[in-house]
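I set down here, in order, what I looked up in this structure. The entries are brief and are meant for a reader who has not met it before.

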Amino acid sequence: MDRTTRRTGAAPRRASYASAAPPRERERAALHDRAARVLETNWTGTSTVPSRTLYPHQWSWDSAFVAIGSRHVSPLRAQLELETLFAAQWGDGRVPHIVFNPSVPLDAYFPSPDFWRSSTSGRAAGAPRAVQTSGIVQPPVHALAAWLVHRADPGLSRSRSFLARIHPKLAAWHRYLLHRRDLGGGGLASVIHPWEQGMDNSPCWDAPLSRIAPAPARAFRRADLEHGTPDDRPTDLDYGRYVRLATDYRDGRYADGQGEFAVEDPSFNALLIASEHALARIACELGATGTARHDRAERLTAALVERLWDPATGMFFCRDLRATDSHPTSRARGHATSRTTTRQMSPPALIPEYGISGLIPLILPTLPRHVTAGLLRTARGSRFGLGTAVRLVPSYDLTGPAFDPHRYWRGPAWFNTNWLIERGLRLHGEHAEAERLRTALLGTALDTAFAEYVDPYTGRGCGARGFAWSAALALDLLQEPRERHEGGTWG
């Protein structure tokens with residue numbers, strides 16, 4: 001397929017999930033065994049790597065999704081997964097997006113520990129000295145994971161005081177996001193690097209990244225290109241901008257609010273809100289009241305709708321907090337304007353790009369009805385093709401000029417985002433649609449040997465195989481919906 005075909009989204013064949021047949025019992029057993037084998041292969045003894053080749057360390061939101069799936073095989077291992085991650089939590093509450101394995105050679109992955117310098121550059125923010133980490137974060141799926149892991153085996157969880165030990169760490173993590181990362185002043189958390197939002201190469205970042213001067217090519221070596229097709233990975237220009245942002249953040253001692261990139265993202269905040277609901281359930285399990293957490297989740301939901309919802313399009317969009325910063329002195333300390341700015345500035349702008357991030361708020365239980373209806377219309381329309389045009393929901397607008405069915409987060413479908421959409425559909429009563437998507441996810445996992453991501457039209461696997469969260473979430477989807485959701489919803 002040439003690059004023009006890939007950009008326009010014309011595919012050799014389309015495989016809508018609407019007619020997909022549920023896997024037979026023999027296929028279900030084979031899928032379970034193969035998925036469990038992937039997690040066993042990727043297990044290091046204390047945590048799970050996303051991929052033995054491409055991602056040889058522990059990643060934050062990957063481990064949360066892995067715990068959600070591995071609870072069906074080993075609740076103890078699922079607890080250890082989260083405990084290992086939170087053992088690397090910084091003093092200011094942040095949970096780093098990578099926890100490095102010291103036995104892995106430095107040249108196996110970039111940026112490596114010697115780039116981040118967490119124990120020195122992160123000292124003021126309370127970075128741990130005993131383990132090397134990155135300095136940025138990833139989406140806060142962890143309280144959701146902790147609650148679901150607890151529900152998988154409450155007796156084991158209570159005997160190990162799992163929730164009692166992890167609850168204060170989760171609370172500190174949320175405090176960091178709600179206070180240190182409220183860079184827009186509207187109550188929502190901001191991401192300060194595309195890697196933090198998890199959908200690294202999304203076209204939603206093109207506009208804010210265009211203002212970033214890239215690091216020179218000699219400043220980094222891309223280990224990812226040794227394990228993947230260059231046409232499927234971020235460009236060198238984008239990677240240079242990622243490196244520049246990370247370098248500046250490190251050199252600023254990981255102080256928040258001073259960088260040139262600050263975005264309020266709908267999926268990051270939706271996961272934070274869902275995690276607030278989960279923390280409320282955890283508090284009740286520990287004998288406290290969850291009222292304050294639920295109330296905070298309600299306020300955050302209202303802020304999400306007020307700041308990121310566009311009723312005209314039926315979509316949540318990212319808000320670029322630096323979009324109005326045309327004056328060189330207007331980027332001070334996380335504010336869109338400064339006292340030295342001489343001209344009137346308009347409010348920070350929404351980024352009119354249709355990424356799957358804008359659909360993820362479907363996971364929220366008290367989303368206003370008109371917002372839910374608008375999201376469902378958008379998901380079923382030509383931009384995402386839910387139930388009609390595609391096998392799995394793409395990561396980006398099928399009709400968008402930047403769409404590419406194979407390039408990292410610029411169109412391919414991912415198992416974790418589709419898992420979230422499936423859960424959101426079921427939460428809002430769209431059970432038939434959710435069941436069809438669940439069936440398609442299971443079939444795609446089996447067909448692709450748990451690929452990292454897939455062509456949304458054909459389901460052809462891309463990226464790494466034996467990818468941990470693809471296997472873990474297949475294990476979760478193999479459970480009957482009642483078993484997956486009973487006691488485990490976060491509403």
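**Notebook entries**

**Entry 1: the chain as a whole.** I looked up burial and found that, of the 491 residues in the chain, 61% are buried. I note at the outset that the model is predicted. I then listed the secondary structure: the chain holds 19 helices and eleven strands. Turning to contacts with a separation of 6 or more, I found that 73% of them join residues 24 or more positions apart.

**Entry 2: the nonpolar cores.** I next asked which residues have the most contacts inside the largest nonpolar core. They are Phe65, Phe316 and Leu359, in a core of 138 residues. I followed Phe65 further, setting aside residues up to four places away in sequence; Phe65 touches Val141, Asn416, Trp419, Leu420, Trp469, Ala472 and Leu473. I also recorded a second, separate core of five residues, among them Tyr396, Leu398, Phe403 and Tyr457. As general background, nonpolar side chains in soluble globular proteins tend to be buried together.

**Entry 3: a pair of helices.** I examined helix α2, residues 25–42, against helix α18, residues 468–478. Their axes come within 9 Å and cross at roughly 140°. I noted the crossing of α2 and α18 as left-handed. On the α2 side, the residues that meet α18 are Arg28, Leu31, His32, Ala35, Ala36, Val38, Leu39 and Asn42. On the α18 side, I listed Ala468, Ala471, Ala472, Leu475 and Leu478. Sorted by class, the contact of α2 with α18 comprises ten nonpolar, two polar and one charged residues. Ala472 of α18 thus appears twice in my notes: Ala472 meets α2, and Ala472 is also touched by Phe65.

**Entry 4: a sheet.** I traced an open sheet of three strands, ordered β9-β10-β11, with antiparallel pairing. Why is one side of β9 and of β11 left without a neighbour in the sheet? β9 (413–414) and β11 (461–462) stand at the edges and each has a single partner strand, so one side of each lacks a neighbour there. I looked more closely at β9 and β10 (residues 453–454), which run antiparallel and are joined by two bridges. In this pairing, alanine 413 stands opposite valine 454 of β10.

**Entry 5: histidine 174.** I located histidine 174 in helix α9, residues 162–180. Is histidine 174 buried or exposed? Histidine 174 counts as buried, because its relative accessibility is 1%, and the cut-off for buried is under 20%. Leaving aside neighbours within four places in sequence, I found histidine 174 in contact with Ala143, Leu272, Ser275, Glu276, Leu279 and Arg293.

Technical notes: Residues are numbered from 1 along each chain as its sequence is written. This is a predicted model: local features need pLDDT of at least 70, side-chain atom pairs count only at pLDDT 80 or more; totals for chains, interfaces and linings use all residues. Side-chain values use heavy atoms; hydrogens and water are left out. Axes are lines fitted to C-alpha atoms, for helices over the stretch in contact, and angles run from 0 to 180 degrees between N-to-C directions. Helices (H or I, at least four residues) and strands (E, at least two) are DSSP runs, numbered from the N terminus. A crossing is left-handed if the near helix is turned anticlockwise from the far one by less than a right angle, and right-handed if clockwise. Contact means heavy atoms within 4.5 Å. Ala, Val, Leu, Ile, Met, Phe, Trp, Tyr, Cys and Pro count as nonpolar, Asp, Glu, Lys and Arg as charged, and the others, Gly among them, as polar. A nonpolar core is a set of buried Ala, Val, Leu, Ile, Met, Phe, Trp, Tyr and Cys residues joined through side-chain atoms within 4.5 Å. Buried means under 20% relative accessible area, exposed over 50%, partly exposed in between (1.4 Å probe, protein chains only). Two strands pair if DSSP finds at least two bridges between them.
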